[in-house]
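Biologist: I'm new to this model and would love a close look at one part of it. Could you walk me through a single helix pairing and its surroundings?

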Amino acid sequence: INKIFTQIAILQLRAAGKLDFDSTLSSYWPDYPNKEVARRITIRQLMRHTSGIGGNIFDPPAGGKRNDIRSLGDYLPLFVNEPLQFEPGTKNTYSNAGYVVLGLLIERLSGEAYYTYVRTHIFEPAGMTRTGSFAVDSLPPNTAIGYTRGDEDAPLSIPLRPNTLDLPGRGSSAGGGYSTAQDLLRFLQALRERRIPNGLPAGMGIAGGSGGMNAIVEGALPGGYDLIVLANLDPPAAERVARMIRDWLGVKDGDGGGHHR
């Protein structure tokens, strides 16, 4: 669910006059390694998953391993030379790579590392002291280990294994961060109190996950409830719990924020 922080950072930079949603990527990144792609896609398309940028950010780097990825720039070679999957704006296809590009754009326009920017402009105003994209070899004490069967559709007969070797050396603007339920509640409250500049409405629904991790954040549900579920298991572990709680609360689909990933 890191993408929500990336979206807010982009909104903040727009408010500061540093970008326009309908300008092309090449307007702000003229030396983007794939010039053909950069001149055809807009910032709005990147945010809405309609840019056509594809590629797998979960691959290891050439000649290396996942642990070697330590910055947003380390993700770029995994997909930058891929052609567009479709004409920009004609389809909607979930793109982690597109959000890595947005994170790198945040770095270029702000002059700060992405991790520093979101900590300074989002986490700190919200009082989120236990949230960040930590390196896998310097995790905070008591960090949960993810457990996976390798595929969310795998039968339960397949034993769980730690997802440690599947993790990148550090997460990205597309995902892979660490947080706590308490910190995510502080995030929703900060949005409600408008303590995060250009924050989104607190009545949102966010879902995200990968092997050995799944998260749900839903704000301002009927009755005044916020719902946060974090699981260190394959999807849809957290989503299943959230669905059950929504049923207990009598929440119908469409109440509160709609999920986006």
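Biologist: Are helix 1 and helix 8 roughly parallel or roughly antiparallel to each other?

Modeller: Happy to help! This is a predicted model, in which local features need pLDDT of at least 70 and side-chain atom pairs 80 or more, while totals for chains, interfaces and linings use all residues. Residues are numbered from 1 along each chain, and side-chain values use heavy atoms, without hydrogens or water.

Helix 1 spans 3-15 and helix 8 spans 181-192 (DSSP H or I runs of at least four residues). Their axes (lines fitted to C-alpha atoms over the stretch in contact, with angles from 0 to 180 degrees between N-to-C directions) come within 13 Å and cross at roughly 30°. The two helices are therefore roughly parallel to each other (angles under 35 degrees). Ile 4, Phe 5 and Ile 8 of helix 1 make the contact with Leu 184, Phe 187 and Leu 191 of helix 8 (heavy atoms within 4.5 Å). These residues divide into six nonpolar, no polar and no charged.

Now follow Phe 5 outward. Beyond its neighbours within four places in sequence, Phe 5 touches Leu 184 and Phe 187, and also Tyr 114, Val 118, Ile 122, Phe 123 and Met 128. Both Phe 5 and Phe 187 are among the residues with the most contacts inside the largest nonpolar core, which has 58 residues (buried residues, under 20% relative accessible area with a 1.4 Å probe, joined through side-chain atoms within 4.5 Å). Helix 1 and helix 8 each supply at least two residues of this core, as do others including helix 7 (114-126). Helix 6 gives the most, with nine residues.

Key
Buried < 20%, exposed > 50% of the residue type's maximum accessible area, 1.4 Å probe, protein only. Parallel < 35°, antiparallel > 145°, perpendicular 65-115°, else oblique. Nonpolar A, V, L, I, M, F, W, Y, C, P; charged D, E, K, R; others polar.
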